[in-house]
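Reader: I would like to go through this model with you and ask, for each label you attach to it, on what grounds the label is given.

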2 protein chains.
Amino acid sequence: MLYFVGLGIEQSPSLKALKILKGCDHVFYESYTSPSIHPGVLHELREQLGDSKVQNVNRIFVEDGKKILEVSKGSNSALVCSGDPLIATTHQELRTRAIKEGIETKIIHGSSIVSSVIGEFGLHSYCFGKSVTMTREPMQHTAYYAIFRNLLSGLHTIILLEWDESQHFFLAPKAAAESLVLAENDIKYLAIGSETLLLVASRLGTDNPSLKVTSVGKVDSEDLGDPPHVLIIPGRLHFTEKEALAAISGKDTESMADNSANIERVSRRMVETYTRKTLTALERAKKVSANSKQKVRFDEIFENVECYTDDAKRFLNEGREELAVLSIGYAEGLLDSLRFGRLLEFEW
Amino acid sequence: MLYFVGLGIEQSPSLKALKILKGCDHVFYESYTSPSIHPGVLHELREQLGDSKVQNVNRIFVEDGKKILEVSKGSNSALVCSGDPLIATTHQELRTRAIKEGIETKIIHGSSIVSSVIGEFGLHSYCFGKSVTMTREPMQHTAYYAIFRNLLSGLHTIILLEWDESQHFFLAPKAAAESLVLAENDIKYLAIGSETLLLVASRLGTDNPSLKVTSVGKVDSEDLGDPPHVLIIPGRLHFTEKEALAAISGKDTESMADNSANIERVSRRMVETYTRKTLTALERAKKVSANSKQKVRFDEIFENVECYTDDAKRFLNEGREELAVLSIGYAEGLLDSLRFGRLLEFEW
């Protein structure tokens with residue numbers, strides 16, 4: 001049996017986890033997938049379980065995995081880490097190998113930074129889109145596009161920051177913010193600017209965590225303290241979310257930018273513009289048609305123009321944007337045909 | 001001081017949580033935000049902390065919150081629950097009120113079902129889009145649209161199922177699947193069908209969890225056992241994710257549907273269908289127009305129909321889908337105006 005045991009972001013085993021670890025013959029503790037925010041954790045584990053049982057293992061040992069799988073065949077063993085034990089892909093791969101080799105596996109979950117940071121800021125977990133990880137590369141289109149798409153849908157984005165244990169490197173929030181501004185200057189979707197609301201959580205799980213409600217342009221001047229940090233770019237905020245951010249930061253909610261406000265779907269803008277234009281042209285066409293001597297059923301065309309313009313608005317409100325665009329295009333075409341066919345002369 | 005303490009999905013306090021709870025004068029335990037999968041949890045807490053200290057409280061007590069806030073002003077108290085303590089919005093609201101009233105708050109996080117289920121299936125957390133909750137309403141457009149949008153981007157969707165403590169009601173996976181099929185029949189985006197790959201996790205955190213890799217059409221015939229259940233509709237699977245699902249289920253990865261493969265942007269399908277229809281109708285209109293005695297510049301209309309049909313294709317290839325849909329709608333309208341105006345009679 002191979003247990004995967006998470007100590008959560010507070011790096012403290014649950015009673016259930018301890019009971020299981022006490023029944024294990026081998027306990028492997030690794031600290032390279034999550035930063036060790038609590039230096040005494042290995043010592044504490046050894047105090048609880050006995051010095052000889054807990055082995056501190058490194059990345060190569062876990063990625064190789066042979067020793068762990070070998071001892072798990074004949075006895076109970078456990079791989080222990082901070083956070084949730086199956087968020088790291090190397091652990092997932094080890095588990096897949098174990099199952100394939102006929103070794104039973106069981107998971108004792110731990111709190112993960114991803115779900116913890118959501119609650120810390122009082123945000124709703126169903127208001128989050130895809131999360132991203134940012135690295136020290138200067139310009140990161142992938143992260144930018146993901147944030148843009150989330151903002152389009154009004155969703156929040158969690159930004160995890162690169163951490164390299166071997167180099168003791170943590171990507172700074174300031175560097176991540178600068179990288180997003182560089183991407184903005186290149187892609188120009190107007191998704192990120194210096195006013196963009198930015199949340200920074202630091203040292204979650206320790207005894208001195210901090211939560212800052214700031215902006216992309218001001219993050220540099222905040223006193224964030226030591227890493228690890230994790231960022232959130234919020235989309236559209238629910239009023240209870242705003243209240244939570246106001247309570248946490250002491251800032252008033254009015255001063256907080258709505259990052260999604262200026263980002264509308266292209267289709268929405270299109271439908272609104274073309275509806276206005278079509279209805280104006282329709283009025284002009286109606287006036288001119290009164291004096292026309294052509295044998296054309298103008299009334300039927302005009303009715304259809306109105307009908308499809310209404311449809312476009314309805315589809316838009318239902319979130320069926322493609323149908324909305326199709327309808328307004330069709331309405332415009334119906335009307336314009338009269339001009340191309342020299343049946344009516346009117347201006348758009 | 002008011003602590004919010006999560007017991008994780010295994011409903012077992014960490015050593016750190018226990019130490020804090022021992023130092024509290026009042027411990028409020030609530031079991032209405034998460035199903036109590038482990039009936040002895042209250043008993044265990046009382047054993048650890050003393051009978052008189054732990055009060056079992058209900059929804060009304062927590063939502064009202066006055067008593068909790070009152071005792072937290074003069075002493076240390078804690079609100080304890082399963083999972084993560086800040087995923088429930090009522091807890092978040094209580095925390096916001098506490099901060100506003102000058103009460104210090106601190107969070108001891110617990111593992112949440114949302115992060116746990118991702119790891120259980122060996123999926124990558126950054127491959128998930130917005131999560132949804134499904135209720136017992138028969139047809140749920142909101143959930144359907146969210147899943148559709150995630151699938152379009154290749155992302156996985158977590159589906160939480162309604163749970164009502166007071167009625168001891170758990171929404172069945174089968175009912176959720178049926179509801180999505182109903183929505184599909186109504187909206188027809190071709191996002192969900194009986195072949196759609198569906199993952200069902202049951203009783204996570206207990207001693208007899210189960211993980212099923214099934215499909216929307218087959219979920220009814222799976223032996224899922226007792227609730228609680230949580231569902232995932234995967235999008236595009238990474239090969240390590242496929243390997244994990246294969247290892248968990250004993251099924252081979254080839255038999256697993258790629259839920260994102262058949263989903264094209266609605267706009268793409270729309271443009272292709274309408275282009276075909278418009279060009280066929282154009283040919284018919286041209287034939288009929290040769291014999292028409294109407295004084296209409298048919299040639300100019302026809303040229304424009306062709307021109308905008310070409311534009312639609314070009315915009316589609318450039319990824320400018322909204323413009324493509326607008327163009328094909330316009331081309332169709334130009335042509336159809338001739339029928340509405342009784343200038344030409346031809347079939348679509």
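Reader: How many residues does each of chain A and chain B bring to the contact?

Author: In this predicted model, the contact takes 82 residues from chain A and 82 residues from chain B; they are counted because contact requires heavy atoms within 4.5 Å.

Reader: Which elements of chain A give two or more residues to the side that touches chain B, and which gives the most?

Author: Those elements are helix H1 (15–22), helix H5 (89–100), strand E5 (105–108), H6, helix H9 (239–249), helix H10 (266–289), helix H11 (298–317) and helix H12 (321–340) of chain A. H12(A) gives the most, with 14 residues, and by class the side of chain A that touches chain B has 33 nonpolar, 28 polar and 21 charged residues.

Reader: What is the area buried between chain A and chain B, and which residues of chain A lose the most?

Author: About 6,800 Å² is buried between the two chains, with carbon and sulfur atoms giving 57% of that area. In chain A the residues that lose the most area to chain B are A:His109, A:Leu326 and A:Phe340, which together make up 10% of what that side buries.

Reader: Why is the pair A:Asp207 and B:Lys16 called a salt bridge?

Author: The closest N and O atoms of A:Asp207 and B:Lys16 are 3.5 Å apart, and the limit for a Lys nitrogen and an Asp carboxyl oxygen is 4 Å, so the pair qualifies as a salt bridge. Across the interface of chain A and chain B the rule finds six salt bridges, while the count of residue pairs in polar contact, both at pLDDT 80 or more, is 31.

Reader: What makes a space in this model a cavity, and how many are there of 30 Å³ or more?

Author: A space is called a cavity because a 1.4 Å probe fits there but cannot get out, and the count comes to five cavities of 30 Å³ or more. The largest has a volume of about 290 Å³, and of the 21 residues that line this cavity, the closest to its centre are A:Val114, A:Ile118, A:Phe128, B:Val114 and B:Ile118. Helix H6 (113–120) of chain A and helix H6 (113–120) of chain B are the elements that give two or more residues to its lining.

Reader: How do the linings of the largest and the second largest cavity divide by class?

Author: The lining of the largest cavity divides into 10 nonpolar, 10 polar and one charged residue. The second largest cavity, with about 170 Å³ of space, has five nonpolar, 14 polar and two charged residues in its lining, and nearest its centre lie A:Ser12, A:Ser14, B:Ser12, B:Ser14 and B:His109.

Notes. Residues numbered from 1 in each chain as written. Chains lettered and ligands numbered in written order. Predicted model: local features only at pLDDT ≥ 70, side-chain atom pairs only at ≥ 80, totals over all residues. Heavy atoms only, no water. 1 Å grid on protein atoms, 1.4 Å probe; cavity = no way out; pocket = protein on both sides within 12 Å on 5 of 7 lines; lining within 4 Å. Points joined across faces, edges and corners; volume = space filled by probe spheres on them. Helix = DSSP H or I, 4+ residues; strand = E, 2+ residues; numbered from the N terminus. Nonpolar A, V, L, I, M, F, W, Y, C, P; charged D, E, K, R; others polar. Buried area = accessible area lost by both parts, 1.4 Å probe. Salt bridge = Lys/Arg side-chain N within 4 Å of Asp/Glu carboxyl O. Polar contact = N/O pair within 3.5 Å; in protein donor to acceptor, adjacent residues only side chain to side chain.
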